[in-house]
Amino acid sequence: MLTDSFSFPSFFQWTKENGSMKNINNSSINKGTDDRVDKPQEKKLKSLNNSNSSNNSNNNMLSCQTACEVQIVPMAMDNDCRFLDYNIIDQSDLDLNNSFDDDDGMDYQTSSSTSTTTTTNTTTSISPFSLITYPLSLLKSIAKNNNNSSKKEEEDQQLIEQQLYQYQQYQQHQQQNQQVESIKKKINSFEELPLEIIVHIFSFLDYKDLNTRVSLVNKNIKEISEVYTIWKYLYYSEFRLAKGNKKKKLFHLDINSIYNNITPTAATSKLNNSNVVTESIGNNTTEIFKDYKQLYKKRFIVEKNWRRGICSVQTLYGHQDGVWGVQFHGDMLVSGCEDGVMKVWDINEGECLNTLIGHQDVVNSFHFEGDRIISGSDDSTLKMWNAHTGQCVNTFRGHQGSVWMLEFKDNCLVSGGDDKMVRVWDTNTGQLIQNLEGHSGRIYYVQMGNNLVVSGAQDRSCRVWDLRSSECVHSMTSNSPVHCLQINGDLWDGGDWAVASGHNNGSISIWNLRTGSLQAMLSNPLCCPVWHIQFRKNNIFTSSCNDLHSWNLGKALEPVNHSLDPTPTQHQLTSSKVFKGHTKSIKHFQVKDNRLVSGGLDNKIKVWDLDKPGNNYLYTLVGHTKSVDWLEFKKDKLISCSADHTIRIWDFYS
């Protein structure tokens, strides 16, 4: 194997004699190394080589007069090994004889070649392909040619790949152009459709499509995508699933759907003449065109902030005692204090507009609607106030004890209290219209419908009253005093309404309002009295000590066929979820849409997302230094009041 450290054999020594080169060893150049020279002669030659290499200026240095070639020829087999030898052949010998005999008897052929040499008197110029470097240069040249060829192949391959890539890009560009042209044709054909059909198609798109993608098509499509009806439908379908006020729905519950055999009395005529409980809805009303696109954007931001707990907080100071209740509409807020003083606030400015002073004792309940505020107190009176001026418009006297609960609609006011009487008043004149007698205990709760009232009392019963006859239609008796109740008309088909009642012993009952029968009840009562109860879809929410409970109505929602089963089976309520988080008793909570908010004695407000899978808990709002006694939220605002004498406004939009 040839390497860069290859050295010529020392026995290849030449001298110049009679113009021709002779071997000073006087031995055949084609013999094997074992027969060419003995060891003493080899040492002599090596010493001669060393001396010649050290004296570069010696004019008698052995040189070649004529050019020489190196030819690699095979040698004879020796001990089963094959060797390569180097034949140093004179050019003149090649011209005279192209073959020579070796001692082994084999005839080797040499290739003729011509080389040009330049001879001087002192030195002989050696060809660029020197004797020693020629084999290496040859191999390097071959390797270089191979490298050059491989590089060329790589360059050709890269060029082919580049051209192929460019061709693919060209094809993609052509396809995109074809798609764009096709889309343009489709858009043109789409724009030729009637406007009503285009609007109907756009109504199936979501907010992101309408606000970003569709508006980027062209100017005409953008203008169509901003049509009022599209955004109105989108707004109501996503954020106003339960259209209308649920409280107003209660007034659509007419006594005729419950009891149809009562003959109108003088009291009924009196009510009809004064339009006490009649709700008229105009058919020729003109709809106010709102910017539903902006409404949707605002609501979208509000919902996102509700989920993330992003809000600004404003604290209202002014009460001298604990604040136990708040209620707000629009920009006006009404608060009730334990010292019997009520205040009207401007939510935007955070200022107290009016202070309502007139009751001589604690205010137990109040109702704020429109510009009217009606309050009930332990001083046995009810008062009606003008929210804008703060003046007392009317005082209702007749109860013989504390007034615990009241509700009004239009010019009809219903109240209940310690005297075990449900009283009906005319808000315009302040006169007592009816006394509904039947309860044998304190009345804790009343709720109105159209021509009917539902009341719950300490005598363990809920009663349904017909305002046309002043008679009790149904008396629904349980085993514990009733602290709260809630009417719901979305549970059953066929016009049947439900009443859920919470009791002092921690039990819950579901009643059919039309038949007065018990549909479902809680088998294992809670450990604490139920002071607040709310419906949401097919569930009932209640609080018990530190926890909130969601109860699945289950089989109680099955349609009731009273002709086949006049006494339907009572079903058991099952708990579907328990909301833990408060460390002390819960004072109040509210459920609306997909949101549950609660406040308690631990001075904290907790927020849950009912549509969130798994754990519904979102976050905790802190700020009050004493118990959170009441709270109310609507859209972008949550308002809470506390025993620390303050009111806090949590704004999820600003």
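The exercises below work through a hairpin and a disulfide in a predicted model.

In this predicted model, local features need pLDDT of at least 70 and side-chain atom pairs count only at pLDDT 80 or more, whereas totals for chains, interfaces and linings use all residues. Residues are numbered from 1 along each chain as its sequence is written, and side-chain values use heavy atoms, with hydrogens and water left out.

**Exercise 1.** Determine how strands E20 and E21 pair.

Solution. Start with the terms: strands (E, at least two residues) are DSSP runs numbered from the N terminus, and two strands pair if DSSP finds at least two bridges between them. E20 covers residues 443-448 and E21 covers residues 452-457, and the two pair in the antiparallel sense over five bridges. One of the partners to locate is that of methionine 448, which is valine 453 in E21. Three residues separate the strands of this hairpin, and asparagine 451 in the turn has a positive phi of about 70 degrees.

**Exercise 2.** Find which cysteines form a disulfide, and state whether each is buried or partly exposed.

Solution. A disulfide is a pair of cysteine sulfur atoms within 2.5 Å, and a search of the whole structure finds one. Cysteine 528 is joined to cysteine 545, with S to S at 2.1 Å. The torsion about their S-S bond is about 45 degrees, so the disulfide is right-handed. For accessibility, buried means under 20% relative accessible area, exposed over 50%, and partly exposed in between (1.4 Å probe, protein chains only). Cysteine 528, at 18%, is therefore buried, while cysteine 545, at 24%, is partly exposed.

Methods: Helices (H or I, at least four residues) and strands (E, at least two) are DSSP runs, numbered from the N terminus.
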